[in-house]
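The following note concerns a protein and nucleic acid complex. The points below should be read alongside the coordinates.

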Amino acid sequence: MPELPEVETIRRDLEPLIVGRRIQGVRIHPGAERLAVTDAPRALERALAGRTVEAVGRHGKYLTLRLDDGRWWVMHLRMTGSLVHLPADAPPHRFERARIDLDDGTTLRFNDLRKFGTWHLVDDPVEAMPNAGPDALSDEFTPRWLRERLRGRETPVKAVLLDQSVAAGVGNIYADEACWIAGIDPRTPAGRIGPTRAARLHAAVRETLEESLGDRGSSFSDYRDGLGGEGMHHLLVHVFRREGKPCGRCGHTIVKTRVAGRGTHYCPGCQRR
DNA sequence: ACTATGCCCTGGGTGC
DNA sequence: TGCACCCAGGGCATAG
């Protein structure tokens with residue numbers, strides 16, 4: 001599942017390889033028509049052909065490619081998507097859903113087992129992400145902002161962390177990790193998190209995202225970076241998918257439960273309500 | 001306004 | 001070995 005650290009790794013990998021490159025052609029493969037959200041597949045392919053990539057940005061889990069006609073190609077990889085730079089003659093991955101040919105003889109391959117990924121072609125990136133709040137690594141995501149968004153809510157604190165209007169880019173892995181770092185039970189009603197713990201949680205969100213980014217993300221299953229390689233951070237997580245194993249801080253056995261409809265991992269020994 | 005649930009999708013794992 | 005079933009989940013739509 002590419003979350004903020006994974007998408008940022010892809011962005012950094014691809015930026016030097018595709019900025020200034022002209023798109024020779026785009027092909028959305030049969031069966032992957034739903035990838036194209038804003039236009040029909042053939043119309044999207046036509047609109048992208050001939051454009052030059054001017055910048056590669058990111059907001060939350062969205063990749064944003066600025067084109068030379070002023071429009072934005074906004075991609076979301078959802079759970080199993082990847083975007084890999086390869087030579088034109090490299091064989092397709094088993095789950096290749098689309099292919100982009102560039103003017104230097106290289107390609108980008110959009111691979112996506114579950115076909116949940118999306119492409120938008122828009123005048124402004126916000127059109128593709130109407131509910132996106134501040135990026136979790138931006139200056140706009142502050143302890144005060146998080147505290148305000150937690151206040152008065154009955155919903156579990158983890159559900160607030162997963163809300164992209166609160167902190168864009170946090171997904172299931174890093175929500176669990178942030179709660180562990182902060183010593184907070186992910187089921188805790190959000191309104192019970194006071195200013196001190198909110199500040200701790202804010203710092204924990206930043207810490208887990210930055211640590212993972214330093215390790216080029218986490219490759220639990222399908223995630224690959226912009227060059228097709230794996231991240232390292234899944235080897236260093238504290239709780240995510242570590243149920244049955246000992247907590248590195250207190251030694252209690254990590255458990256798995258369900259919170260906000262998502263598999264949730266925490267340590268009952270040192271994460272408090 | 002807030003909260004919970006279902007939908008999309010398919011490979012991999014489990015149980016019989 | 002084969003087959004049916006269930007699970008994973010981001011973002012959105014819908015219902016209560």
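1. A polar contact is taken here as a pair of N or O atoms within 3.5 Å. The model is predicted, and the distances quoted below are computed from it.

2. By that criterion, the side chain of Arg153 engages the backbone of DNA strand B: one of its N or O atoms is 2.5 Å from a phosphate oxygen of the strand. Polar backbone atoms of the protein also take part. That of Glu154 is 2.7 Å from a phosphate oxygen of DNA strand B, and that of Thr155 is 3.3 Å from a phosphate oxygen of the strand.

3. Arg153, Glu154 and Thr155 belong to a set of residues around DNA strand B that also includes Arg34, Arg94, Phe95, Leu113, Arg114, Lys115 and Phe116. Of the atoms of DNA strand B that come within 4 Å of the protein, 71% are accounted for by sugar and phosphate. The residues of this surface comprise six charged, three nonpolar and one polar.

4. Which residues does Thr188 contact beyond its neighbours within four places in sequence? They are Thr155, Pro156, Val157, Ile193, Arg197, Arg272 and Arg273. Thr155 thus appears in two settings: it is among the residues around DNA strand B, and it is in contact with Thr188.

5. Thr188 itself is located in the loop between α5 (172–182) and α6 (195–214). Its relative accessibility is 0%, and Thr188 therefore counts as buried. The side chain of Thr188 lies 2.6 Å from the backbone oxygen of Asp185.

Methods:
Residues are numbered from 1 along each chain as its sequence is written. Chains are lettered from A and ligands numbered from 1 in the order in which they are written. This is a predicted model: local features need pLDDT of at least 70, side-chain atom pairs count only at pLDDT 80 or more; totals for chains, interfaces and linings use all residues. Side-chain values use heavy atoms; hydrogens and water are left out. A residue is near a molecule or strand if one of its heavy atoms lies within 4 Å of it. A polar contact is a pair of N or O atoms within 3.5 Å; within protein, one must be able to donate a hydrogen and the other to accept it, and residues adjacent in sequence count only if both atoms are side-chain atoms. Ala, Val, Leu, Ile, Met, Phe, Trp, Tyr, Cys and Pro count as nonpolar, Asp, Glu, Lys and Arg as charged, and the others, Gly among them, as polar. Helices (H or I, at least four residues) and strands (E, at least two) are DSSP runs, numbered from the N terminus. Buried means under 20% relative accessible area, exposed over 50%, partly exposed in between (1.4 Å probe, protein chains only). Contact means heavy atoms within 4.5 Å.
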